[in-house]
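This report covers the fold, the cores and a few selected residues of one protein chain. The model is shown first, and the description follows.

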Amino acid sequence: MTYFWLIVFAILLIAEIVTAGTLVSIWFSFGALAAFLVQKLGFGMIGQLVAFIIVSVALLFLTKPFVKKVKPEYVPTNMDRLLGKVCIVMEDIDELGTKGSVAIDGKEWSAMDAGGKIIPAGERVRVKDIKGVKLIVEKLEGDE
């Protein structure tokens, strides 16, 4: 039992490193280190658990504002470049959004109309949104 908290510390630290710094277990690893130090001071299991919980929760709440500033909520992807682009409907888009495709940048994408309308093949549309792997489009009117 002498090295229990050091083993917990190591496992949690490795878990943090493996998850590429997503801040999953770092607080608990330092809580385990604190529990180990409390154990070395001669406290029993209850004291160790209290130290583990207090340090883990304190670090979690104290670092949360810092983490929000450093870690972005939204990570843009290269799919974002498709938003606003004009493309051609390759396969009729149905009103249910179950079939239909568009060609954009030399690739064919599944598509559905933003308003749930039918858009025949050959029409020009603009990409309004992306839901999963499906582009949400709207038909261009006139010379747009």
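Which residues does Val-86 touch, not counting residues up to four places away in sequence? They are Arg-124, Val-125, Arg-126 and Leu-140, where contact means heavy atoms within 4.5 Å.

The model is predicted, so local features need pLDDT of at least 70 and side-chain atom pairs count only at pLDDT 80 or more, whereas totals for chains, interfaces and linings use all residues. Residues are numbered from 1 along each chain as its sequence is written, and side-chain values use heavy atoms, with hydrogens and water left out.

## Overall form

The protein chain holds three helices and five strands, in the order α-α-α-β-β-β-β-β from the N terminus. Helices (H or I, at least four residues) and strands (E, at least two) are DSSP runs, numbered from the N terminus.

The radius of gyration of the protein chain is 27 Å, against a value near 15 Å for a compact globule of 144 residues. That radius is taken over C-alpha atoms, and the globule rule is 2.2 Å times the number of residues to the power 0.38. Along the principal axes, the C-alpha atoms fill a box of roughly 80 × 25 × 25 Å. Of the contacts with a separation of 6 or more, 45% join residues 24 or more positions apart.

Buried residues make up 29% of the 144 in the protein chain; buried means under 20% relative accessible area, exposed over 50%, and partly exposed in between (1.4 Å probe, protein chains only). The accessible surface is about 9500 Å², with 68% of it belonging to carbon and sulfur atoms. Those areas come from the Shrake-Rupley method with a 1.4 Å probe; for residues, only the protein chains shown count as cover.

## Two cores

A nonpolar core is a set of buried Ala, Val, Leu, Ile, Met, Phe, Trp, Tyr and Cys residues joined through side-chain atoms within 4.5 Å. The largest one has 14 residues, and Ile-93, Val-102, Ile-104, Val-125, Leu-135 and Val-137 touch the most other members. Strand 1 (86-91), strand 2 (101-104), strand 3 (107-113), strand 4 (124-131) and strand 5 (134-139) each give two or more residues to this core. Strand 4 gives the most, with three residues.

A second, separate core has eight residues, including Leu-12, Ala-35, Phe-36 and Phe-52.

Beyond four places in sequence, the residues that Val-125 touches include Val-86, Cys-87, Val-102, Ile-119 and Val-137.

## Selected residues

The table lists four partly exposed residues.

| Residue | Place | Relative accessible area |
|---|---|---|
| Thr-19 | loop between helix 1 (4-18) and helix 2 (26-40) | 31% |
| Val-86 | strand 1 | 37% |
| Asp-105 | loop between strand 2 and strand 3 | 42% |
| Glu-123 | loop between strand 3 and strand 4 | 26% |

The C-alpha atoms of Thr-19 and Ile-118 are separated by 44 Å, with their positions 99 residues apart along the chain. Val-86 and Ile-130 are 44 residues apart in sequence and 14 Å apart in space, C-alpha to C-alpha.

Glu-123 and Cys-87 are 36 residues apart along the chain, and their C-alpha atoms are separated by 8.4 Å. Cys-87 is also among the residues that Glu-123 touches, together with Ile-88, Val-89 and Lys-139, not counting residues up to four places away in sequence.

Asp-105 has a positive phi, near 55 degrees. Most residues other than glycine have a negative phi.
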